[in-house]
Amino acid sequence: MADLTAPEPEPPAPAPQAAGIALASLADVAALARERRDLKLKDQVETLLHPVRFEPGRIEVELEPDAPTGLPGELGARLSDWTGMRWVVTVAREGGGATLRQRRDAERDRLLAEARDDPNVAAILTAFPGAEIVGVRVTRPEPEAVDPDAGSADGDTDDDAD
């Protein structure tokens, strides 16, 4: 007797970003390297790669002059292992943006300059010769507290029970 059951459907193709790892930038790559405890690769991504183009499975970078020649291949292989999809890292001769470290340093310098320009900070630096700004922490303002006794916007309160 013939088997009349339908054949098993083929399993779906793997998602472009397997294992829930979504990479959209070199910052994401550096974070993944840190998460995987590959601190040497994380440092190389932050300091030696100038991003040109980034898309799933393909990264184009400009290298720092002192970057190891095998870095693009090593990065592609590690990303392929970590994500379960093929990654290719290509090298452009020019057109790369600032490295992650350069961006971080520029942001730190901007925050320090902004702090120095603040009148209160300037007064403190004047009052304490030799004092210097060693770091800036940006804090987010706390959300406004909601007063439970204030009632709703239309003036009704829960106290008006009928």
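This report describes one helix, one aromatic pair and one buried threonine in a predicted model.

## Helix H4

Helix H4 covers residues 100-117, and because a helix is expected to advance 1.5 Å a residue, its 18 residues should span 26 Å, a value that agrees with the 26 Å between its end C-alpha atoms. The buried residues of this helix are Leu100, Leu111, Leu112 and Ala115. Viewed down the axis of H4, these buried residues fall within an arc of 105°, so they line one face of the helix. Among the elements that cover them are helix H1 (26-35), helix H2 (39-48) and helix H5 (119-127).

## The aromatic pair

The structure holds one aromatic pair. Its members are Phe54 and Trp87, whose ring centres lie 5.8 Å apart and whose planes stand at 55°, so the pair counts as tilted. Phe54 belongs to strand E1 (residues 49-55), whereas Trp87 sits in the loop between helix H3 (71-83) and strand E3 (88-91), and the pair therefore ties together parts that are 33 residues apart in sequence. Trp87 has a relative accessibility of 4%, which is why it counts as buried.

## Thr83 and its surroundings

Thr83 is placed in helix H3, and because its relative accessibility is 1%, Thr83 counts as buried. The side chain of Thr83 makes a polar contact of 3.0 Å with the side chain of Trp87, the residue that also pairs with Phe54. The Thr83 side chain also reaches the backbone nitrogen of Met85, at 3.3 Å.

Elsewhere along the chain, Leu32 is 51 residues away from Thr83, and the C-alpha atoms of these two residues are separated by 9.8 Å.

Note on methods. Residues numbered from 1 in each chain as written. Predicted model: local features only at pLDDT ≥ 70, side-chain atom pairs only at ≥ 80, totals over all residues. Heavy atoms only, no water. Helix = DSSP H or I, 4+ residues; strand = E, 2+ residues; numbered from the N terminus. Expected span 1.5 Å × (residues − 1). Buried < 20%, exposed > 50% of the residue type's maximum accessible area, 1.4 Å probe, protein only. Arc of directions from axis to C-beta. Contact = heavy atoms within 4.5 Å. Phe/Tyr/Trp six-rings, centres within 6.5 Å; stacked < 30°, edge-to-face > 60°. Polar contact = N/O pair within 3.5 Å; in protein donor to acceptor, adjacent residues only side chain to side chain.
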